[in-house]
Number of protein chains: 4
Amino acid sequence: VEAVLTRLAETLEARKGADPETSYVARLYEGGLDMILKKIGEEATELVIAAKTGEAGDIVHETADLWFHTLVMLSHVDVGLDQLIAELERRAGVSGLEEKASRGS
Amino acid sequence: VEAVLTRLAETLEARKGADPETSYVARLYEGGLDMILKKIGEEATELVIAAKTGEAGDIVHETADLWFHTLVMLSHVDVGLDQLIAELERRAGVSGLEEKASRGS
Amino acid sequence: VEAVLTRLAETLEARKGADPETSYVARLYEGGLDMILKKIGEEATELVIAAKTGEAGDIVHETADLWFHTLVMLSHVDVGLDQLIAELERRAGVSGLEEKASRGS
Amino acid sequence: VEAVLTRLAETLEARKGADPETSYVARLYEGGLDMILKKIGEEATELVIAAKTGEAGDIVHETADLWFHTLVMLSHVDVGLDQLIAELERRAGVSGLEEKASRGS
C-alpha cells in the first residue's frame, strides 16, 4: 500500500513537466484547481451512484478514481502525501476513530 | 502508508461489533449505506470548499475525512482494501496514468 | 417565474421523443438515470466552486444549470413539476422555513 | 410557481434580520457562505441517493431541499431571483435547450 501511494504521488509530481497533449494528469494541472475540484465532485458522485447500484467492481473503480484525483489535487497545491498519511495515522488509533462522535460532524 | 491504511481497515472491520452509542463508526454502519454515502458527499464538498479557501491544514484534514469515509463504505459493503490497492497499483504505472486520457472521462 | 418553469418542464417532456443526435436533453434521457444524476453532482460542484470564486454571473449560470438538470431528472422519473412546487409552497410559509431547525438536518 | 419562488425569495430576504436561535435560515446566514455551500453539497448527494432508491416522495423532498438551499445561497450573496429566472428563461427556448450539446459540457 505504502509503495503504491508513494509511487503514485511521485509519478504525479513528475507529470508536472509533462505535455498536456499526451498526459491526462498534465492536462488536469493545466486546467488548474477548479478543473481538478470538478473532477473530485464528479468522482464522488459516481462513487455514490456505483455504491447504490451495488457492483463491487464499479465501487472499487470509482473509489480509486476519487482517491487518484484527490492525490492530483494535493500535488497541485504542493501538499505532500506524508501530511495526509500523518492525518490518517492519527485516526488509526482507537481514540482517533471515536473522536468524530464527540465533535458531532 | 501501507501500515496505516491496513490498520485503519482492520480497525473499521473490528468496529462492526461495537456499540453505536460509543463508536462513531458503529453508528455509521448502523445508519446503513445511505448514511455513509451522505457522509462521502458531505466530505467531498467540504474538501472542495477547503481547497478553494486554500488552507493547507484544512485541505489535509478534509482529504483524510473523505478517504476515511470511503474506507468505512468499502468495509460496509465487504470490499477488501486489497482490491482498492490493486486498482491504484494499476494506475501507478505510466500507462495507467495516461489511460484516462484515451477513454476521455 | 411560473411561466418559465412550466415552459421548461413542457419542453423537457416534449424532448422525450427527440433524436439524441441533435438534442442534448434526449441524449441525457438516453444515457439514463445515472447519467442525469452524474450531471446533477457535477453541476452542484461547479456551483460550489463558482460561489467560492465569487463571480455573480457564474453563480447564476451554475445555479440555472443545476436547476435545469434536476428538472430533466424529474421529467425522466415522471415526477410532475406541480409536486415540486407543492413542496416548495409548503416551505414558503413561516413555519415551513423554520421546520428544518427542529428536525435538525 | 412564480408566486411561490418569489414568496420564498422574499421570506429568505426578510430572515436576514432574524434571530439565529429561532430561525434555521438566519442560522445559515450566520454560518456564512461555506456553511450554506456544504448544505448544497449535502442536499445534492441526498437527491442522488433518493433518485437511486426510487421513492417519488423522497425525490420531490430532496429536490425541494436542494432548490431551497440554492435560494438561500443566492440571497446570501445578494443575487436576485430575477437573474436566475432570466437565465432559465434563456434555456426555455428551443435553442437554449440544445445549446449545451454544442458547447459539450
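## A walk along the chain interfaces

Start by selecting chains B and C: a turn of 180° and a shift of 0.0 Å along the axis lay chain B on chain C with an RMSD of 0.0 Å (a least-squares superposition on C-alpha atoms of residues with pLDDT of at least 70 in both). The two copies are thus related as by a two-fold rotation axis. This is a predicted model, where local features need pLDDT of at least 70, side-chain atom pairs count only at pLDDT 80 or more, and totals for chains, interfaces and linings use all residues. Residues are numbered from 1 along each chain as written, chains are lettered from A in the order written, and side-chain values use heavy atoms, without hydrogens and water.

Next, click B:Lys52: its C-alpha, at 3.3 Å, comes closest to the rotation axis of the residues of chain B.

Now show chains A and B together. Their contact (heavy atoms within 4.5 Å) takes 58 residues from chain A and 58 residues from chain B. About 5400 Å² is buried between them, 72% of it from carbon and sulfur atoms; that's accessible area (1.4 Å probe) lost on putting the two parts together, summed over both.

Zoom in on A:Arg91 and B:Asp65, whose side chains form a salt bridge at 2.3 Å, N to O. The rule there is a Lys or Arg side-chain nitrogen within 4 Å of an Asp or Glu carboxyl oxygen, and chains A and B have six salt bridges between them.
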